[in-house]
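Good morning, and thank you for coming. Please look at the model on the screen while I describe its confidence, its elements and one helix in particular.

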Amino acid sequence: MKLMCFMISLFLLASCWPTSVSFKDTGSMPIEWKMFHIQTLMINAPNCPLFYGAQLTEKLKDGIQNNTRLSLATKLTDAEVQIEGQILSYQVSPIAIQNGDNASKNRLTVTVQFTINTTKPTEGTSTITSSRFEDFDATTNLASVENQLLENISEQIVQDLINKLMSNW
């Protein structure tokens with residue numbers, strides 16, 4: 001009797017055991033998606049630093065490769081997921097107004113719009129707009145904190161795009 005219970009327990013445990021373990025979440029991305037291609041982001045914001053389009057594009061490539069099962073395609077035609085985008089807005093605005101109409105904080109806001117074209121399992125196009133911000137002291141010169149602010153904003157924008165790719169279309 002004990003042997004029979006042991007065998008049944010072993011069978012039940014074996015049937016529940018995962019067949020594969022991975023730290024990359026496949027989400028609900030179609031299984032047909034293997035590769036992605038992303039074009040360097042265009043800058044359509046007048047105040048945006050010229051380096052930021054290329055820098056954000058590289059962060060997007062790294063983020064998608066490290067957090068999804070998609071691989072980077074060198075040619076656009078090899079990719080099932082084709083991403084292009086533009087930086088629409090890059091602006092600094094005062095917040096937390098104090099006495100005498102002086103701001104104690106400023107906010108850097110970056111807005112990026114992506115167009116995602118897919119070729120498999122069916123052709124489709126999706127658009128996502130991500131607007132993210134970081135606050136900094138008004139007494140601080142933007143140039144001295146801009147790189148760190150952009151780093152934080154970029155991480156959030158990368159996560160927005162990955163969430164879109166991983167979500168149900």
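The protein chain has a mean pLDDT of 87, where pLDDT is the predictor's confidence in each residue, from 0 to 100. Of its residues, 86% reach 70 or more. This is a predicted model, in which local features need pLDDT of at least 70 and side-chain atom pairs count only at pLDDT 80 or more, while totals for chains, interfaces and linings use all residues. Residues are numbered from 1 along each chain as its sequence is written, and side-chain values use heavy atoms, with hydrogens and water left out.

The chain has three helices and six strands; these are DSSP runs (helices H or I, at least four residues; strands E, at least two), numbered from the N terminus. Confidence is lowest in helix H1, residues 2-16, at a mean of 68. Where pLDDT is low, the predicted coordinates should not be read in detail.

Let us turn to helix H3. Residues 142-166 form this helix, which has 25 residues. A kink of about 30 degrees is centred on Gln 148 (the bend is the angle between axes fitted to the seven residues ending at a residue and the seven starting there). Buried residues, those under 20% relative accessible area with a 1.4 Å probe, protein chains only, include Leu 149, Ile 153 and Ile 157 in H3. The buried residues of H3 pack against helix H2 and strands E4, E5 and E6.

Finally, Asn 106 lies in strand E5. Why is Asn 106 called buried? Asn 106 is buried because its relative accessible area is 15%.

Key. The expected span of a helix is 1.5 Å times one less than its number of residues. Buried means under 20% relative accessible area, exposed over 50%, partly exposed in between (1.4 Å probe, protein chains only). Contact means heavy atoms within 4.5 Å.
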